Each structure stands twice: as structure tokens, then as C-alpha cells.
Amino acid sequence: MVDKVPMTQAGHAALEVELKQRQSVDRPRIIEQIAEARSHGDLSENAEYHAAKEAQSHNEGRIAELEDKLARADVIDVAKLSGDTIMFGATVTLIDEDTEKKAVWQIVGEPEADAKKGRISITSPLARALIGKKKGASVEVVAPGGAKAYEIARVDWK
């Protein structure tokens, strides 16, 4: 059986946009670059040709990856979720018990995880520690940087 890939509607839409860009814009541009480089003659010493072929390989690989993720997508509408128990899609406000610093994370699928945007993968150590917990609970996370303790201040559904 094929494993489903959980993702939010926004994450699914972003993957579709990237796929469309790669298929309808990048692919024809790369094909044009290959044709142009071929017209310069000897391919064995043609750096432009080899660079364009490499770009084509990278683009086609990413297209296949995107098609696979979209085919296996299990799109979850976070707006329809509620409650105070943390699960996929929850936006969680944490307080670091050592530094009192506040951090806000949304638990999302692997394809859409982006720590700089406050989205962590459901498979990350922090998300795995949070799943099933409620507001007010304390969690300890063993991450690559060492163990950290957090208090769950809020659970939101956005």
C-alpha cells in the first residue's frame, strides 16, 4: 500500500503551483537551452550543453517527486479541526522553560515544513513530542541540540 502524505490545503496548493511552473515554464526553457547549445557544434566540450542537460535532469527529477507527493497527498482542512489536543495542523505556542522565550509552530506535513516560516514537520522530534498533549502540559524534547523543556501555552487551529 502507498503511504499517504499528510499536508494542509495551503501546502498542497504550493506544490501544485511549483509543479505547474516546472512543467509549463522551466521545462520548455531548458529544452530551448539544450537546442541552442546543440547548435554550437561539438557536444563533448560544450559546457552550455552539459549544464542544460544537468538542469533538465534536476527539473525532471523534481517534477516526478512533486507528482508523487501530490498523488499520495492526504489533504487535511485545518479550519475544520478544533479542540485542545495537539494533532496535525495545530498551531502551538510554546514557552521555553529555561529561557522563557515564546515560540509558535504549526505542525504540517514534510513537504511543506519550513522552520523559518514557523512550520515543522509532523515527523520532527518536537512535533512527535507534542502530538496528543494539551494546553498547560510540559514536554521534554530530545533534539540534536540536546534536551529542551517547553510548556504548551496555546493550541490554535488556523
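**Close-up 1. Ile 107 and Ile 120 face each other across two strands.** In this view, the bridge partner of Ile 107 in S5 is Ile 120. Please keep in mind throughout that this is a predicted model. Strands S4 and S5 run parallel and are joined by 3 bridges. S4 covers residues 102-108, and S5 covers 119-121.

**Close-up 2. Five strands side by side make an open sheet.** Follow the order S5-S4-S3-S7-S6 to walk across this sheet of 5 strands, in which the pairing is mixed. At its edges lie S5 and S6, each of which pairs on one side only. On average, neighbouring strands here are turned by 45° against each other, direction ignored.

**Close-up 3. Strand S3 has a partner on either side.** With S4, strand S3 shares 5 bridges, and the two run antiparallel. Here you can find Val 92 standing opposite Trp 105 in S4. The hairpin of S3 and S4 has 5 residues between the strands, and Glu 100 in this hairpin takes a positive phi near 65°. With S7, strand S3 shares 6 bridges, and this pair also runs antiparallel. Look for Thr 93, which stands opposite Arg 154 in S7.

**Close-up 4. Asp 156 sits in strand S7 among several partners.** Is Asp 156 buried or exposed? Its relative accessibility is 16%, and a residue under 20% is called buried, so Asp 156 counts as buried. Asp 156 belongs to strand S7. Its side chain joins that of Arg 154 through a polar contact of 2.8 Å. Beyond its neighbours within four places in sequence, Asp 156 is in contact with Ala 90, Thr 91 and Thr 93.

**Close-up 5. The largest nonpolar core gathers 17 residues.** Those with the most contacts inside this core are Ile 86, Val 92, Leu 94, Ile 107, Leu 126, Leu 130 and Ile 152. Two or more residues come from each of strand S3 (91-96), helix H3 (125-130), strand S6 (138-143) and strand S7 (146-156). Which element gives the most to this core? That is H3, with 4 residues. To explore the core from one residue, start at Leu 130: leaving aside its neighbours within four places in sequence, Leu 130 is in contact with Ile 86, Val 92, Leu 94, Ile 107, Val 139 and Ile 152. Elsewhere there is a second, separate core of 8 residues, including Val 5, Met 7, Leu 15 and Leu 70.

**Close-up 6. Glu 18 meets two arginines, Arg 22 and Arg 62.** Side chains of opposite charge can pair when their charged atoms come close. The salt bridge between Arg 22 and Glu 18 is 3.0 Å from N to O. Both residues lie in helix H1 (residues 9-38), 4 residues apart, about one turn of the helix. In the salt bridge of Glu 18 with Arg 62, the closest N and O atoms are 2.8 Å apart. This pair links distant parts of the chain, with Glu 18 in H1 and Arg 62 in helix H2 (residues 47-71), 44 residues apart. Arg 22 is buried at 15% relative accessible area, and Arg 62 is buried at 19%, whereas Glu 18 is partly exposed at 24%.

**Close-up 7. Arg 29 and Asp 26 form another salt bridge within helix H1.** Their side chains meet at 3.5 Å, N to O. The two residues are 3 residues apart, so about one helical turn separates them. Arg 29 is partly exposed at 42%, while Asp 26 is buried at 12%. Salt bridges that share partners also join Glu 18, Arg 22, Arg 62, Glu 65 and Lys 69 into one network. In total, the structure holds 10 salt bridges.

Terms used
Residues numbered from 1 in each chain as written. Predicted model: local features only at pLDDT ≥ 70, side-chain atom pairs only at ≥ 80, totals over all residues. Heavy atoms only, no water. Core = buried A, V, L, I, M, F, W, Y, C linked by side-chain atoms within 4.5 Å. Buried < 20%, exposed > 50% of the residue type's maximum accessible area, 1.4 Å probe, protein only. Contact = heavy atoms within 4.5 Å. Polar contact = N/O pair within 3.5 Å; in protein donor to acceptor, adjacent residues only side chain to side chain. Pairing = 2+ DSSP bridges. Axes fitted to C-alpha atoms, helices over the stretch in contact; angles between N-to-C directions. Salt bridge = Lys/Arg side-chain N within 4 Å of Asp/Glu carboxyl O.
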